[in-house]
Amino acid sequence: RAARRRSILLRTPSRIGACTLPVIAHSNTAAALDAVDAQASSSNTITAATMGRTRPTIGNKQQRAKIWAREKTQKREEKDKRKEQRRKKRSRQHDLLRDGGELGEGLEPALQPRTLENTREEEPTRVLEGDAEILRDEADDEFAAHEYREGFSGEPHPDFVPPKVLVTTRPRPSKELFRFVADLISVVPNAFFYPRRHFSVQDICRKGSEQNFSHVIVLSERAKKCNGLILSKLPHGPTAFFKVSNVQVSDSVPGAGRRTEHQPEILLNNFTTRLGRRVGRMLSSLFYSKPAFQGRQCVTFHNQRDYIFVRHHRYIFEERPVDKRKRKVIARLQELGPRFTLRLRWLQDGTFDTKFGAYEWLHRRKQMDVSRRKFHL
């Protein structure tokens, strides 16, 4: 036992907990051991100076975990306390501004967390609001004919072409894919389903152009789950391919309502680049661009980190009392379904032709997914 205690003394300071005593090589071992024990026991107390340094210098794993949990709890309590103080200060300042008093100090803004969206890399093709060049290009692109315009008599403009959508699937689809097709047809107005049979996508696009269809949608699946969507604008393109994920039909959406025959409103969120605006216009051209506001239905295409989340809601505005003198208007939503997520894989000029077609944009994973803060839509 005495030999073991002497070996402890001859260790380096980094191996003896938080001890910083020099190496001892004299005969007064009892006094030296008492000093080591005293300093090791005092190192378990958390102070501001030792905060963050006690964990890597404690050899015992259980003791290290206890001290780390205590430090984490203490930091979280201090952070919550500072957050509550800032909230109370902002509330007092807003009350002073409302009552016409002097603010005194400057209004402290709320802290914003760092996310991938607000720290994204600058995209050179980002479109500014009111860009005249972009507006001129969009006024003469492939989707301009489907934008509702009224003539002098109040009737639709002669150049207006209402969308007519042909929906089909892969050969021999499953029952689950048919349920998704039924929901898609109920959301997209003037959409018609035709079985795929033995026809190729090129034949379907050619036949659809002859029957005056404006769009073709082809759904694919794997393991009875929809995993792909081809959207082609007829008769001259463009054509886009989206990966489909997280499909939920209306029956599986909790609390889903029943849609009506009113034309829905279209909401396009966060399509800020040239490619994003082109994809957004392509998706919105599927719908009649004159919504029926009395139906209070809206279809949302929300782009976040190049994932396009598709949702279908009904909304209603209500007034609720805040206090005895003030009332506020809130919006309540009821989801109608379906819900699914799209991600663009390629955009092709012209109708579907993967052999000889020219690509406007092609997702190359090893080249484009190097940075997590680089987004293309």
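A pocket here is an open set of points on a 1 Å grid over the protein atoms alone, with protein on both sides within 12 Å along at least five of seven lines, and its lining residues have an atom within 4 Å of a point. A volume is the space filled by probe spheres set on the points, which are joined across faces, edges and corners.

This is a predicted model, where local features need pLDDT of at least 70, side-chain atom pairs count only at pLDDT 80 or more, and totals for chains, interfaces and linings use all residues. Residues are numbered from 1 along each chain as its sequence is written, and side-chain values use heavy atoms, with hydrogens and water left out.

The pocket, then. The largest one has a volume of about 400 Å³. It is lined by 19 residues, and Glu147, Leu268, Gly280, Arg281 and Ser284 are the closest to its centre. Strand E6 (265–269) and helix H7 (274–284) are the elements that give two or more residues to this lining; helices (H or I, at least four residues) and strands (E, at least two) are DSSP runs numbered from the N terminus. H7 gives the most, 5 residues. By type, the pocket lining has 8 nonpolar, 6 polar and 5 charged residues. Nonpolar means Ala, Val, Leu, Ile, Met, Phe, Trp, Tyr, Cys and Pro, charged means Asp, Glu, Lys and Arg, and the others, Gly among them, are polar.

Next, cavities: sets of grid points where a 1.4 Å probe fits but cannot get out. The whole structure has 3 of 30 Å³ or more, and the largest has a volume of about 170 Å³. Of its 18 lining residues, Leu184, Leu286, Phe301, Val310 and Phe340 lie nearest the centre. Strand E8 (307–321) is one of the elements that give two or more residues to this lining, and E8 has the largest share, with 3. The cavity lining divides into 16 nonpolar, 1 polar and 1 charged.

Now the cores. A nonpolar core is a set of buried Ala, Val, Leu, Ile, Met, Phe, Trp, Tyr and Cys residues joined through side-chain atoms within 4.5 Å; buried is under 20% relative accessible area with a 1.4 Å probe, protein chains only. The largest core has 37 residues, and Ile217, Leu219, Phe242 and Ile308 have the most contacts inside it. Helix H5 (residues 175–187) supplies the largest share, 5 residues. A second, separate core of 12 residues includes Leu166, Phe213, Val216 and Phe241.

Last, cysteines. How many disulfides are there? The count is 0, taking a disulfide as a pair of cysteine sulfur atoms within 2.5 Å. Cys205 counts as buried because its relative accessibility is 5%.

Technical notes: Buried means under 20% relative accessible area, exposed over 50%, partly exposed in between (1.4 Å probe, protein chains only).
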